[in-house]
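Hi,

Here is the structure I promised to pass on. Have a look at it first, then read my notes below.

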Amino acid sequence: MKNDLEIKSIVKEKYGAIAEQPASQNAASCCGATSSCCGDDVYHIMADDYTKLEGYHEGADLSLGCGLPTAFAKIKAGDTVIDLGSGAGNDCFIARAVVGDSGKVIGIDFTEKMIEKARANAEQLNYNNVEFRLGDIEQMPVGANKADVVVSNCVLNLVPNKPAVFKEIYRVLKPGGHFSISDIVIKGNMPEKWKAIAELYAGCISGAIQKDEYIGIIDKAGFTNRTVQKEKLISIPEDILSQYLSPDEVLAYQSGDVQVLSITVYAEKPLEAKAPCCEPGSGCC
């Protein structure tokens with residue numbers, strides 16, 4: 001099993017390569033992670049169609065998502081929105097179409113090539129209220145109580161320390177602010193072999209955790225009014241599975257109880273936000 005630094009290095013390398021390859025190649029890959037593992041229609045395994053959303057910019061769509069969090073995020077004109085794992089800027093530009101000139105959108109990504117691509121797209125679109133910051137979403141380069149809305153699309157499954165990310169989301173949201181996050185989770189017992197395969201980790205599968213555990217992390221971070229806005233089953237084609245599993249292992253997976261799910265989750269930071277219990281100075285221990 002790889003440690004956190006090794007996992008982050010793998011993800012950064014894979015997504016840096018994705019930023020530099022043609023969009024057509026990304027669309028023919030498994031969550032964008034590999035260019036040779038999948039058939040031509042594998043784009044539809046995880047990604048939803050962004051093209052009909054206002055603000056969509058084809059050059060920013062790298063076919064890496066597993067939902068449409070911006071469509072569920074209740075963004076309003078004038079809001080400040082933070083997008084975690086912003087990639088080439090797809091969700092940021094859609095959020096910009098809603099917040100308008102009076103709002104602000106901040107994209108955060110830890111892959112230098114993605115930041116470069118996103119900034120180039122923003123310059124092309126002449127947006128002066130959309131910015132992209134290089135940084136780790138476990139330690140966001142944003143002050144506390146800054147955002148009305150946080151969105152993210154198929155990113156937290158790639159992060160080793162998911163509780164740290166939700167604590168950071170809580171910190172950067174204004175009291176009364178909320179998030180809408182699309183991500184990959186699982187039900188049942190994932191094959192242990194998957195967890196050691198770098199391509200499946202960067203491909204949004206083997207870094208996913210149990211749905212109940214994921215929801216529990218959100219609740220423990222202090223959020224309220226949490227709800228699953230959308231859920232869909234992800235079917236992994238046999239031509240992908242056979243890249244990493246033997247025929248017997250493929251059959252065992254297909255006949256087993258494990259489910260790979262895309263969920264979009266919404267939750268709010270309370271208006272009277274309290275420090276998590278047992279933090280220094282929280283007064284509750």
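Here is what turned up, starting with the overall layout.

This is a predicted model, where local features need pLDDT of at least 70, side-chain atom pairs count only at pLDDT 80 or more, and totals for chains, interfaces and linings use all residues. Residues are numbered from 1 along each chain as its sequence is written, and side-chain values use heavy atoms, with hydrogens and water left out.

The chain has 11 helices and 7 strands (DSSP runs numbered from the N terminus: helices are H or I with at least four residues, strands E with at least two). Of its 285 residues, 53% count as buried, meaning under 20% relative accessible area with a 1.4 Å probe, protein chains only.

Now the sheet. It is open and mixed, with its 7 strands in the order 3-2-1-4-5-7-6; strands pair if DSSP finds at least two bridges between them. Strand 3 (130-134) and strand 6 (224-234) each have a single partner strand, so one side of each has no neighbour in the sheet. Strands 1 and 2 run parallel, paired over 5 bridges, and Thr-80 has Lys-104 in strand 2 as its bridge partner.

What about the inside? The largest nonpolar core (buried Ala, Val, Leu, Ile, Met, Phe, Trp, Tyr and Cys joined through side-chain atoms within 4.5 Å) has 32 residues, and Phe-166 is among those touching the most other members. Helix 7 (162-172) is one of the elements that supply at least two residues; its 5 are the largest share. Phe-166 is in contact (heavy atoms within 4.5 Å) with residues further off in sequence than four places, including Phe-179, Tyr-214 and Phe-223.

Cheers

Definitions and conventions
Buried < 20%, exposed > 50% of the residue type's maximum accessible area, 1.4 Å probe, protein only.
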